[in-house]
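Colleague: I would like to go through this model and ask how each label is earned. Please set the values against the cut-offs.

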Protein chains: 2
Amino acid sequence: MEIEHTPEACTKSLMAVRDTLDVLNGKWKLPIIIALDSGPKRFNELERMITGITPKLLSKELRDLEANEFITRTVYPTTPVKIEYALTGYSGTLSRVIAEMRDWGIQHRKKITGR
Amino acid sequence: MEIEHTPEACTKSLMAVRDTLDVLNGKWKLPIIIALDSGPKRFNELERMITGITPKLLSKELRDLEANEFITRTVYPTTPVKIEYALTGYSGTLSRVIAEMRDWGIQHRKKITGR
DNA sequence: GATAGTACTATCCTTTAGGATACTGCTATC
DNA sequence: GATAGCAGTATCCTAAAGGATAGTACTATC
């Protein structure tokens with residue numbers, strides 16, 4: 001596990017893992033991040049790309065992602081205003097975590113279904 | 001992101017990440033895994049170690065973890081029977097995922113609180 | 001024979017996540 | 001002046017997660 005085993009170190013590791021889980025969890029955060037990975041998008045564009053999401057959930061998740069600094073919300077003062085959501089550089093710090101989760105998920109699915 | 005961008009590859013990656021999230025999520029799975037990391041434990045031992053958990057939740061999570069082959073449940077036919085829960089080798093395959101999540105969580109917390 | 005421990009299950013309740021549906025105020029176009 | 005698109009908000013509802021509390025069947029000890 002590579003995790004220290006003093007009670008304090010364990011609690012700290014546990015908190016850190018839970019923080020990460022909280023940040024990535026929910027049904028829509030990863031689909032949104034993936035949708036934005038191909039470039040900045042507008043609200044209704046995202047709503048159309050991510051099948052099944054409702055505007056309420058999209059709005060909420062975009063706020064959460066912005067609060068965690070994974071995306072920016074830019075208002076262009078045209079008439080009418082144009083609002084664009086884009087990934088930040090900070091969202092890139094998740095790539096190793098996501099890659100590990102993807103790899104583990106792939107092998108786990110093979111293990112479960114393959115027999 | 002190191003993730004391919006054909007729609008199929010994206011969907012597959014997304015599914016894999018969600019699988020991993022599902023397997024690790026919930027309030028108690030990681031605390032149980034960590035508690036068992038210091039050796040096999042009995043039901044009431046775990047209940048005492050993991051502060052706040054109720055027997056209902058402990059029982060449910062142990063079943064989930066067993067179904068995913070992260071732990072084994074061994075019945076010793078003594079009188080009265082003794083039941084021991086232990087981590088499997090397969091639980092070790094999570095170590096890289098957990099380590100990445102822990103590291104990311106630690107730096108994220110620093111970023112959020114440190115200003 | 002009462003008390004305590006083991007390994008749970010059962011029932012009820014609250015909280016949270018998520019979804020359905022409708023609507024708002026704005027502008028641009030037909 | 002009607003319709004459609006943009007960027008959401010408001011209201012209501014259901015389902016799942018999680019918690020509180022009690023109880024079961026067994027045994028071992030005092």
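Modeller: This is a predicted model. One place to begin is B:Arg63, where an N or O atom in the side chain is 3.3 Å from a phosphate oxygen of DNA strand C.

Colleague: What makes the pair at B:Arg63 a polar contact?

Modeller: The cut-off for a pair of N or O atoms is 3.5 Å. The distance at B:Arg63 is 3.3 Å, so the pair is within the cut-off and counts as a polar contact.

Colleague: Which part of A:Thr79 lies 2.8 Å from a phosphate oxygen of DNA strand C, and which part of A:Lys27 lies 2.4 Å from one?

Modeller: For A:Thr79 it is a polar backbone atom. For A:Lys27 it is an N or O atom in the side chain. Both values are within 3.5 Å, so both pairs are polar contacts.

Colleague: How do you know which residues are near DNA strand C?

Modeller: A residue is near the strand if one of its heavy atoms lies within 4 Å of it. There are 19 residues around DNA strand C, and A:Lys27, A:Lys56, B:Ser59, B:Arg73 and B:Tyr85 come nearest. Of the strand's atoms within 4 Å of the protein, 62% belong to sugar or phosphate, and the rest belong to bases.

Colleague: Which elements supply at least two residues each to the surface near DNA strand C?

Modeller: They are α4 of chain A and, from chain B, α3 (43-49), α4 and β3 (82-87). The most comes from α4(B), with four residues. By type, the surface divides into seven nonpolar, four polar and eight charged residues.

Colleague: Which residues come nearest to DNA strand D?

Modeller: DNA strand D has 19 residues around it, and the nearest are A:Ser59, A:Arg73, A:Tyr85, B:Lys27 and B:Lys56. Sugar and phosphate make up 62% of the atoms of DNA strand D within 4 Å of the protein. Here α4(A) gives the largest share of the surface, four residues.

Colleague: What makes A:Arg42, A:Tyr85 and B:Lys27 polar contacts of DNA strand D?

Modeller: In A:Arg42, an N or O atom of the side chain is 2.9 Å from a phosphate oxygen of the strand. A polar side-chain atom of A:Tyr85 is 2.6 Å from a phosphate oxygen, and one of B:Lys27 is 2.4 Å from a phosphate oxygen. Each value is within 3.5 Å, so each pair is called a polar contact.

Colleague: Why is A:Lys29 called buried?

Modeller: Buried means under 20% relative accessible area. A:Lys29 has 9%, so the label is buried. The residue lies in helix α2 (residues 29-36) of chain A. Apart from neighbours within four places in sequence, A:Lys29 is in contact with A:Asp22, A:Val23, A:Leu24, A:Glu61, A:Asp64 and A:Leu65.

Colleague: Are A:Cys10 and B:Cys10 buried or exposed?

Modeller: A:Cys10 has a relative accessible area of 14%, and B:Cys10 has 12%. Both values are under 20%, so both residues are buried.

Colleague: How many disulfides does the structure hold?

Modeller: Zero, over all chains. A disulfide is a covalent bond between the sulfur atoms of two cysteines.

Colleague: Why is A:Glu69 called partly exposed?

Modeller: Partly exposed lies between buried, under 20%, and exposed, over 50%. A:Glu69 has 32%, so the residue is partly exposed. B:Glu69 also has 32% and gets the label partly exposed.

Colleague: What is notable about phi at A:Glu69 and B:Glu69?

Modeller: Phi of A:Glu69 is near 65 degrees, a positive value in a residue other than glycine. B:Glu69 has a positive phi of about 65 degrees and is not a glycine either. Most residues other than glycine have a negative phi. A:Glu69 sits in the loop between α4 and β2 of chain A, and B:Glu69 in the loop between α4 and β2 of chain B.

Colleague: Where are the cis peptide bonds at A:Pro80 and B:Pro80?

Modeller: One runs from A:Thr79 to A:Pro80, with omega near -5 degrees. The other runs from B:Thr79 to B:Pro80, with omega near 0 degrees. Most peptide bonds are trans. A:Pro80 is in the loop between β2 (71-76) and β3 of chain A.

Notes: Residues numbered from 1 in each chain as written. Chains lettered and ligands numbered in written order. Predicted model: local features only at pLDDT ≥ 70, side-chain atom pairs only at ≥ 80, totals over all residues. Heavy atoms only, no water. Polar contact = N/O pair within 3.5 Å; in protein donor to acceptor, adjacent residues only side chain to side chain. Nonpolar A, V, L, I, M, F, W, Y, C, P; charged D, E, K, R; others polar. Disulfide = S-S within 2.5 Å. Buried < 20%, exposed > 50% of the residue type's maximum accessible area, 1.4 Å probe, protein only. Contact = heavy atoms within 4.5 Å.
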